[in-house]
Amino acid sequence: MIVWCLMAVVAATEISAGNLPSFISPCSASDPNLNECIQKVIEVVAPKFADGIAELGIAPLDPVQLGTVEVNNPALKITFTDTVVTGLRGSKINSYKINLDKGKATIDFTANVTLKAHYVMDGQVLILPIRGNGPAKIKITNLRIVVTYDFTTVAGHWVLTGYKDHYKMDRAQFKFNNLFGGNKELAQTTEKFTNQNWEIIMQEIAPPALNQIISSCVEKVKQLFGAVPATELLRP
Ligand SMILES: *[C@@H]1O[C@H](CO)[C@@H](O)[C@H](O)[C@H]1NC(C)=O
């Protein structure tokens with residue numbers, strides 16, 4: 001009987017010890033500098049998310065595949081397919097705040113990201129017609145994302161119940177290959193124009209693209225919460 005109990009304890013210990021990857025050293029909920037402590041943990045964990053955490057079944061976040069991203073403005077239709085985003089690995093965490101009583105936390109981070117895809121575009125920007133299809137590349141400098149998420153504890157695990165996000169960026173640069181079926185002169189003028197007016201174009205592209213980038217990040221956090229009990233992520 002005693003042997004069975006011991007075996008059960010050993011088994012339980014192994015399972016729980018196996019949940020938390022060794023690179024996560026959890027903070028204590030009673031830490032007076034809890035926000036700063038968790039921010040440091042995230043700074044260590046973020047690059048691991050970039051590579052993916054195989055032991056927890058978490059796929060890589062850099063590169064992250066977004067699939068199809070559609071801009072459906074009546075004046076400008078763009079479809080990006082096989083969309084791949086790189087650069088989240090280099091994210092800098094600006095701040096982290098958690099309110100355990102309210103079950104709310106906010107993470108604020110900045111990254112330089114590049115989106116590559118195949119594009120099909122038809123429409124106009126301001127009064128200039130724009131049309132093409134081929135490889136596209138969009139570089140976003142200092143993309144700052146702030147996500148506030150709500151969580152509760154269910155069966156010992158944090159469950160993310162909802163989130164809100166805001167973002168802004170310093171600049172976006174476009175490279176749309178094969179504009180106007182390869183008409184070089186038109187393409188050059190148009191490319192110059194799109195880069196000068198990047199804000200107008202990003203107003204259309206950013207909402208669908210960033211929703212998908214942010215929801216990919218949120219998905220990884222959900223997977224982490226599902227794989228590791230709350231008391232291992234944050235010691236009571
Ligand atoms: C993004 O790139 C710019 C310019 O190259 C640089 O000044 C900035 O520090 C970078 N931001 C991040 C979050 O790495």
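Before the points, one term: two strands count as paired if DSSP finds at least two bridges between them. Keep that in mind for the hairpins below, and remember that this is a predicted model.

1. **The overall layout.** The protein chain has five helices and nine strands. Read from the N terminus, the elements go α-β-α-β-β-β-β-β-β-β-α-α-α-β. The radius of gyration is 22 Å, well over the 18 Å that the globule rule gives for 236 residues, so the chain is more spread out than a compact globule. You can also look at the box that the C-alpha atoms fill, which is roughly 85 × 35 × 25 Å along the principal axes.

2. **Burial and contacts.** Buried residues make up 24% of the 236 residues in the chain. Now take the contacts with a separation of 6 or more: 65% of them involve residues 24 or more positions apart.

3. **The largest nonpolar core.** In soluble globular proteins, nonpolar side chains tend to be buried together. Here, the largest nonpolar core holds 49 residues, and Val85, Leu88, Val113, Tyr119 and Ala209 touch the most other members. The elements that give two or more residues to this core include helix H2, strand E2, strand E5, strand E6 and helix H4 (198-227). Which element gives the largest share of this core? E5 does, with nine residues.

4. **Ala209 and Pro208.** Setting aside residues up to four places away in sequence, Ala209 touches Val69 and Leu115. Pro208 lies in helix H4. With the same kind of neighbours left out, Pro208 is in contact with Val69, Glu70 and Val71, so Val69 turns up in the lists for both Ala209 and Pro208. Is Pro208 exposed, partly exposed or buried? It counts as partly exposed because it has 18 C-beta neighbours inside 10 Å, and buried would take 20 or more. One more pair to try in your viewer is Pro208 and Ile93: they are 115 residues apart in sequence and 23 Å apart in space, C-alpha to C-alpha.

5. **The E5–E6 hairpin.** E5 and E6 pair in the antiparallel sense over 21 bridges. For a landmark along this pairing, find Thr110, which stands opposite Arg144 in E6. The two strands form a hairpin with two residues between them. Leu126 is in the loop between E5 and E6, and it has a positive phi of about 55 degrees although it is not a glycine. Leu126 counts as exposed because it has 10 C-beta neighbours inside 10 Å, and the cut-off for exposed is 12 or fewer.

6. **What else E6 pairs with.** E6 and strand E7 (residues 157-168) are also antiparallel, with 11 bridges. Two landmarks in E7 are Val159, the bridge partner of Thr152, and His166, the bridge partner of Val146. E6 and E7 form a hairpin too, with two residues between them, and Ala155 in the turn has a positive phi of about 50 degrees. Then there is E8, joined to E6 by six bridges and running antiparallel to it. In that pairing, Thr141 stands opposite Arg171 in E8.

7. **Around the ligand.** Which residues surround the ligand? They are Gly90, Lys92, Thr110, Ala111, Asn112, Thr141 and Asn142. The elements that give two or more residues to this shell are strand E5 (104-125) and strand E6 (128-154), and E5 gives the most, with three. By class, the shell has one nonpolar, five polar and one charged residues. Thr110 and Thr141 should look familiar: Thr110 is the one opposite Arg144, and Thr141 is the one opposite Arg171.

8. **Backbone oddities to check.** Most residues other than glycine have a negative phi, and most peptide bonds are trans. Asn142, one of the residues around the ligand, has a positive phi of about 50 degrees although it is not a glycine. Its place is in strand E6, and with 13 other C-beta atoms within 10 Å it is partly exposed. Elsewhere, a cis peptide bond joins Asp62 and Pro63, with omega about 5 degrees. You will find Pro63 in the loop between helix H2 (34-51) and strand E2 (64-73).

Technical notes: Residues are numbered from 1 along each chain as its sequence is written. This is a predicted model: local features need pLDDT of at least 70, side-chain atom pairs count only at pLDDT 80 or more; totals for chains, interfaces and linings use all residues. A residue is near a molecule or strand if its C-beta atom, placed from the backbone, lies within 6 Å of it. Helices (H or I, at least four residues) and strands (E, at least two) are DSSP runs, numbered from the N terminus. Ala, Val, Leu, Ile, Met, Phe, Trp, Tyr, Cys and Pro count as nonpolar, Asp, Glu, Lys and Arg as charged, and the others, Gly among them, as polar. The radius of gyration is taken over C-alpha atoms; the globule rule is 2.2 Å times the number of residues to the power 0.38. Two residues are in contact if their C-beta atoms, placed from the backbone, lie within 7 Å. A nonpolar core is a set of buried Ala, Val, Leu, Ile, Met, Phe, Trp, Tyr and Cys residues joined through C-beta atoms within 7 Å.
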